[in-house]
Amino acid sequence: MLEIKNLHVKLEEEDKVILRGVDLSIKAGEVHAIMGPNGSGKSTLSYVLAGRDGYEVTEGSANLQGQSLLDMEPEERAAAGLFLAFQYPVEIPGVGNMTFLRTAVNAQRKSRGEEELSAGDFLKIVRAKAKDLKIDADMLKRPVNVGFSGGEKKRNEILQMAMLEPKMCILDETDSGLDVDAMKLVSEGVNALRDAGRSFLVITHYQRLLDHIKPDVVHIMAAGRIIKTGGPELALEVENNGYADLLAEVK
Amino acid sequence: MAVLAAKANALTARLEGMSLPKDGWSAPARKEALARLTEMGLPSKRDEYWRYTDPSTLTASQAAKAAVFHAGDEPPVFDGVDRVKLVFVDGVFDPSQSDDPVLAGVEITHLSDAGRADIHWARDLYGVLEARGQNPVPRALAALNTAFSTQGLLIRATAKAARPISLIYIHDSEGSDAMLHHCIKVESGAELTVLENGPAAARINQVMEVDLADGARFHHIRAQGRDHERRAVTHIFARVGAGALFKSFTLTANGQMTRNEAVIELIGDDGQAHIAGAALGDGVFHHDDTIFITHAGERCESRQVFKKVLKNGAVGVFQGKILVKQGAQKTDGYQISQSLLLDDDSQFLAKPELEIYADDVKCSHGSTSGAIDDTALFYLQSRGVPKSTAQSLLVLAFLAEAITEIEDEAIGDDIRSRLDGWLNRHER
């Protein structure tokens with residue numbers, strides 16, 4: 001599904017190198033987790049894959065189902081099946097959440113040559129999916145993420161994911177700012193989308209999210225590289241011992 | 001003295017060949033207006049009040065030509081609204097294109113008939129609010145209008161009008177130079193909506209005097225013409241009685257020169273005055289909103305909400321003032337002017353002013369200039385929304401606060417969908 005090879009990335013404005021040769025291969029249906037200390041480059045990796053401005057790829061490649069992501073505009077990556085759940089979902093005053101969702105869904109359908117959803121059909125689908133995530137009608141009417149609590153923002157991200165039905169989902173610290181109940185709700189939303197044709201990359205600091213969203217593979221990232229890869233037990237090791245031992249091991 | 005002489009000379013040149021209409025009840029008002037005008041002379045860019053907008057094309061003795069804009073197959077603004085249509089072509093009323101001016105609770109007559117009929121209520125209004133609005137800054141072009149305008153409507157509402165009155169201004173000749181003067185009186189407890197759309201002429205000078213009796217309600221929604229080369233100076237002079245409501249919204253897209261002035265006086269207690277504008281400017285576009293709201297009564301509320309989207313060197317100007325007179329306690333005044341600059345070439349010039357002589361008052365004002373929020377743009381794109389669509393969505397969101405000032409939902413939606421169409425067509 002996602003093949004990242006020797007990815008090197010620096011900040012466009014400064015000479016600061018952030019990713020120094022990331023290799024990652026995620027097969028269809030798999031759930032991978034990336035853990036790592038602050039500043040290791042986890043969020044940068046997610047932004048570079050989604051196509052945010054401000055980064056320069058100096059070496060390497062990233063392919064989604066054989067298509068090179070790095071040459072595409074962000075909206076083309078989305079249409080190709082990539083989805084990034086933001087660590088800090090953006091507030092957009094003046095744009096209704098429902099308008100936003102419908103514009104996004106129909107833009108993607110259009111770019112895939114499918115017919116746009118009618119207002120009625122769209123409403124039916126969005127209401128059903130929102131109900132599962134305990135998102136009420138009021139949240140759908142309000143401007144995108146404006147006045148939403150931390151938990152509401154994250155649930156709104158998952159709702160977008162459920163509506164857009166991407167193939168490759170990247171969750172950037174979706175657990176940050178969530179209480180136990182909200183984390184459970186969000187995880188259930190993610191698990192409901194798990195499917196043989198859909199892959200996940202879960203970026204997190206804490207093992208607790210991985211109790212709910214069980215990964216197949218766990219990677220440890222440090223200083224812009226993946227330094228260790230293993231099974232779910234690797235996450236437990238980090239939880240118990242921190243990163244110090246792992247970092248010492250590679251040095 | 002050189003400045004005064006220049007003003008007087010400019011006026012002499014402007015008035016050459018013009019003669020004051022002498023018949024009927026409006027004659028004394030015209031004579032007084034000419035006297036005011038002679039004292040003021042015509043403004044130039046050296047006047048503080050015209051510091052950000054060069055009035056020379058508006059004061060010139062000859063109007064520059066302006067090509068007529070064809071909107072293609074796009075239906076005109078307010079097309080879906082059930083209304084009484086009154087059409088002016090190049091500033092002259094055209095009965096053949098107009099509806100019968102029959103609306104229960106509303107009397108509609110023409111300024112051009114003023115010589116024949118003595119319309120008492122209009123006599124007490126014509127030029128009266130304009131003259132009140134000449135203090136503290138002279139508005140010479142409005143006095144010029146009062147003195148010489150022979151076209152316009154005299155509208156008096158005595159009950160709640162079932163339909164809006166829609167003034168349609170067609171620009172037909174590329175050399176047209178027009179003046180329109182409307183007087184509107186809404187009696188106690190009555191309610192009236194006036195719609196205006198179209199460029200009117202290559203150059204238009206317009207005055208609208210609005211007198212709202214106690215408890216009257218008045219809604220004004222205007223879409224100025226999109227002819228790229230047209231020039232307009234418009235003035236609203238409004239007097240708002242106790243418990244009365246005044247609401248005005250203007251949409252401006254294109255036009256080489258637009259100066260929209262509004263002078264609103266809240267003379268009774270518990271009155272409300274809201275004035276808002278949304279403007280889209282591209283290239284040689286100069287758009288100026290100059291607003292003066294006076295609070296003279298207690299517990300009145302006023303709002304000024306102006307948003308401008310500018311690109312390719314377009315210039316936006318906002319001069320807005322709230323004056324709270326002594327004794328106007330519990331005043332609630334709000335003023336916001338914002339611009340969205342889509343490139344580095346465009347300019348927004350703002351002069352917000354508050355002058356307060358009462359001690360128990362709530363007044364806030366703010367003015368900002370900014371670019372499109374890149375983070376929001378990326379967020380939308382990351383959901384699959386193409387960049388151009390995402391940009392229009394954010395531009396509409398920026399304008400939203402001004403558009404929500406329109407009380408009628410259907411009319412607000414019409415304005416919104418129109419903007420949406422223009423923005424999307426523009427981007428492609």
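Axes here are lines fitted to C-alpha atoms, for helices over the stretch in contact, and angles run from 0 to 180 degrees between N-to-C directions. Helices (H or I, at least four residues) and strands (E, at least two) are DSSP runs, numbered from the N terminus.

The model is predicted: local features need pLDDT of at least 70, side-chain atom pairs count only at pLDDT 80 or more, and totals for chains, interfaces and linings use all residues. Residues are numbered from 1 along each chain as its sequence is written, chains are lettered from A and ligands numbered from 1 in the order in which they are written, and side-chain values use heavy atoms, with hydrogens and water left out.

**Exercise 1.** Describe how helix α7 (residues 374-382) and helix α8 (residues 387-403) of chain B pack.

Step 1: Get the geometry. The axes come within 9 Å and cross at roughly 130°.

Step 2: Name the arrangement. Angles under 35 degrees count as roughly parallel, over 145 as roughly antiparallel, 65 to 115 as roughly perpendicular and the rest as oblique. So α7(B) is oblique to α8(B).

Step 3: Find the handedness. The crossing is right-handed (the near helix is turned clockwise from the far one by less than a right angle; anticlockwise would be left-handed).

Step 4: List who touches whom, where contact means heavy atoms within 4.5 Å. From α7(B) come Ala376(B), Leu377(B), Leu380(B) and Gln381(B), and they meet Lys387(B), Ala390(B), Gln391(B), Leu393(B) and Leu394(B) of α8(B).

Step 5: Sort them by class. Ala, Val, Leu, Ile, Met, Phe, Trp, Tyr, Cys and Pro count as nonpolar, Asp, Glu, Lys and Arg as charged, and the others, Gly among them, as polar. That gives 6 nonpolar, 2 polar and 1 charged.

**Exercise 2.** Now do the job for α2 (residues 27-40) and α6 (residues 140-148) of chain B.

Step 1: These helices pack at about 150°, with axes 8 Å apart. They are therefore roughly antiparallel.

Step 2: Their crossing is left-handed.

Step 3: Contact residues include Leu34(B) and Leu37(B) of α2(B), plus Leu144(B) and Phe148(B) of α6(B). By class, the contact has 10 nonpolar, 1 polar and 2 charged residues.

**Exercise 3.** Hop over to chain A and treat α6 (residues 150-164) and α7 (residues 180-193).

Step 1: The angle is about 10° and the axes are 10 Å apart. The two are therefore roughly parallel.

Step 2: Among the residues in contact are Ile158(A) and Met161(A) of α6(A), with Val186(A) and Leu193(A) of α7(A). The contact splits into 7 nonpolar, 1 polar and 2 charged residues.

**Exercise 4.** Work out how the domains of chain B meet.

Step 1: Take the bounds, which come from an automatic or database domain assignment. Domain 1 spans 2-268 and domain 2 spans 374-428.

Step 2: Their C-alpha centres lie 30 Å apart. Domain 1 puts 17 residues into the contact and domain 2 puts in 12.

Step 3: Check the buried area (the accessible area, with a 1.4 Å probe, that two parts lose on being put together, summed over both). The domains bury about 1,300 Å² between them, 66% of it on carbon and sulfur atoms.

Step 4: Pick out the top residues of domain 1. Lys247(B), Phe249(B) and Leu251(B) lose the most area to domain 2, together 39% of what that side buries.
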